[in-house]
Amino acid sequence: MAEREVESVIEAIRDAVPRLRANGQEAEDKRWLPEENIALLEKAGVFRAATPRRFGGLDLSLPEQADVLREISRGCGSTGWVSMVWMSSAGLATLFPDAAQDEVFAGTSVRISGGFTPSGTLTRTEGGYLLNGTWRFNTGCRGADWNIAAAILQEADGSHSEAVAILPMDQFSIADDWNTSAAAATGSSSTTAKDVFVPEHRVISYESAILNNTPGRTAPVTPGRGYRLFSYIMAVCAGTYVGLAEGALELFRERVPGRGITYTSYEDQSSHPLTQIQVATAHNKIAAARALLDDQTAMLQRHADAGGEPSEEEKAHVRGKTSFAIDLCREAVDILYSAGGASVIQRNVPLQRFFRDARGLALHGLLLASTNLEVQGRVLLGHDPETPFL
């Protein structure tokens with residue numbers, strides 16, 4: 001049954017890919033996803049993908065979630081990125097106590113935005129906390145039902161710790177400050193909370209989020225879904241990125257046949273040896289990235305199925321290998337864009353949007369190859385990874 005469910009979701013997304021691509025320029029102009037994109041993914045079941053089965057969700061495995069995100073991103077990188085945030089944040093909602101999960105998943109199909117940069121404060125009050133702060137780059141906030149906000153929890157004795165809250169999106173204000181050259185359609189605006197009350201059951205410690213040991217859960221995680229926080233995030237990000245690169249390759253292959261090369265005798269660019277080398281190189285980089293991704297998601301799933309978790313070394317490899325996969329995809333899209341000819345810069349040519357999204361999303365602090373390869377390299381050379389974000 002589960003296999004047929006994920007096949008049904010992917011088939012529905014595949015049918016929607018032409019519409020996602022056709023809506024690309026509208027999405028950039030609006031700086032947010034067209035309602036048609038969201039409706040198509042809703043109908044496909046995407047926003048039930050990470051909802052636990054006990055709430056009526058699909059509860060897809062990590063490899064299945066990565067495959068769903070790959071397919072969406074083939075159509076539109078920005079739509080894929082928003083879907084990744086909503087889907088993975090739904091997975092993160094299972095870190096909260098039962099009472100919070102009952103509220104969040106009441107509607108089964110749920111869209112959750114947020115992030116783990118603690119740029120707000122939580123102060124204790126009767127029955128819970130008061131939340132204040134502003135969170136930048138809040139992808140998907142414009143269409144989210146709930147929002148996850150990391151903050152510094154301030155105690156009466158002056159001590160503090162990091163915590164994570166989840167609360168309805170309508171309790172935040174959204175700034176109109178998302179004007180970017182890449183990922184323009186993600187609507188990643190700044191969100192602000194002012195003296196918003198958060199019940200105690202909707203706040204967990206940052207440590208509990210990382211270690212997945214939150215108290216107050218009678219059914220902590222569906223068997224086979226116990227992934228470590230940062231390994232999970234890195235994997236779904238890489239899935240989104242591989243799909244974006246696969247979409248760029250498809251667009252390039254559609255674009256090249258019959259196009260002449262200006263100031264040469266070539267009337268069909270596809271017959272030029274350099275173009276053939278370029279497309280083969282891009283294809284192989286994407287294939288290598290896909291292999292790295294599949295290897296890491298399979299490893300994480302094996303541990304989850306066994307009820308265990310990866311070793312510190314394996315988690316360091318997840319960071320290094322997924323970020324390397326992302327960098328391979330960025331390089332592939334760079335090659336395809338550079339081979340696209342001068343007309344590729346026109347806004348009505350989808351390939352240029354894939355290029356800008358690939359470039360921009362690769363700058364995300366968590367995905368930088370240099371940072372992640374350092375972590376992996378330290379472990380390979382017998383050093384401590386020197387980071388808790390594993």
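**Note on side-chain pairs, fold and local geometry**

1. Asp67 counts as partly exposed, its relative accessibility being 25%. The model in which Asp67 is seen is a predicted one, and the remarks below should be read with that in mind. The partner of Asp67 is Arg70, with which Asp67 forms a salt bridge whose closest N and O atoms are 3.3 Å apart. Arg70, for its part, counts as buried, at 11% relative accessibility. Both residues belong to helix H4, which covers residues 62–75, and their spacing of 3 residues means that about one helical turn separates them. The pair therefore joins a residue at 25%, in the range between 20% and 50% that counts as partly exposed, to one at 11%, under the 20% limit for buried.

2. A second pair can be examined in the same way. Which residue meets the side chain of Glu331 in a salt bridge? The partner is Arg330, and the N to O distance is given as 4.0 Å. Glu331 is partly exposed, with 27% relative accessibility, while Arg330 has a relative accessible area of 17% and is buried. A reader inspecting this contact may wish to keep in mind that the salt-bridge rule asks for a side-chain nitrogen within 4 Å of a carboxyl oxygen.

3. A third salt bridge is formed by Arg359 and Asp334, with the closest N and O atoms 2.7 Å apart. This pair links distant parts of the chain, since Arg359 sits in helix H11 (residues 350–361) and Asp334 in helix H10 (residues 312–338), the two residues being 25 apart. Arg359 counts as partly exposed at 41% relative accessibility, whereas Asp334, at 12%, counts as buried. Elsewhere, salt bridges with shared partners connect Arg14, Arg21, Glu71, Arg74, Glu250 and Glu254 into one network. In general terms, side chains of opposite charge can pair when their charged atoms come close.

4. On charge as a whole, the count of salt bridges comes to 29. The protein carries 36 positive and 48 negative side chains, and the centres of these two sets lie 5 Å apart.

5. Turning to the overall fold, the protein contains 12 helices and 8 strands. Its radius of gyration is 21 Å, close to the 21 Å that the globule rule gives for 390 residues, so the protein is as compact as a globular protein of that length. Taken along the principal axes, the C-alpha atoms fill a box of roughly 80 × 45 × 45 Å. Of the 390 residues, 54% count as buried, and the accessible surface comes to about 16,200 Å², with 52% of that area belonging to carbon and sulfur atoms. Among contacts between residues at least 6 apart in sequence, 73% join residues at least 24 apart.

6. Val318, which is found in helix H10, is buried or exposed? It is buried, with a relative accessible area of 1%. Once its neighbours within four places in sequence are left aside, Val318 is in contact with Ser231, Met234, Gln296, Met299 and Leu300. Of these contacts, Met299 lies 19 residues from Val318 along the chain, and the C-alpha atoms of the two are separated by 9.3 Å.

7. Leu130 offers a view of a strand, as it lies in S3 (residues 128–135). Leu130 is partly exposed, with a relative accessible area of 26%. Apart from its neighbours within four places in sequence, Leu130 is in contact with Thr121, Leu122, Thr123, Thr125, Asp195, Val196 and Phe197. Asp195 stands 65 residues from Leu130 along the chain, yet the separation of their C-alpha atoms is 5.2 Å.

8. Two backbone angles deserve a check by eye. Most residues other than glycine have a negative phi. Asp59, however, has a positive phi, near 50°, and is not a glycine. Asp59 is found in the loop between helix H3 (35–44) and H4, and is buried, with a relative accessible area of 7%. Thr108 likewise is not a glycine and has a positive phi, of about 65°. Its place is the loop between helix H6 (98–104) and strand S1 (112–115).

Conventions:
Residues are numbered from 1 along each chain as its sequence is written. This is a predicted model: local features need pLDDT of at least 70, side-chain atom pairs count only at pLDDT 80 or more; totals for chains, interfaces and linings use all residues. Side-chain values use heavy atoms; hydrogens and water are left out. Helices (H or I, at least four residues) and strands (E, at least two) are DSSP runs, numbered from the N terminus. The radius of gyration is taken over C-alpha atoms; the globule rule is 2.2 Å times the number of residues to the power 0.38. Buried means under 20% relative accessible area, exposed over 50%, partly exposed in between (1.4 Å probe, protein chains only). Contact means heavy atoms within 4.5 Å. Accessible areas come from the Shrake-Rupley method with a 1.4 Å probe; for residues, only the protein chains shown count as cover. Lys and Arg count as positive and Asp and Glu as negative; His and the chain ends are not counted. The place of a charge is taken as NZ of Lys, CZ of Arg, CG of Asp or CD of Glu.
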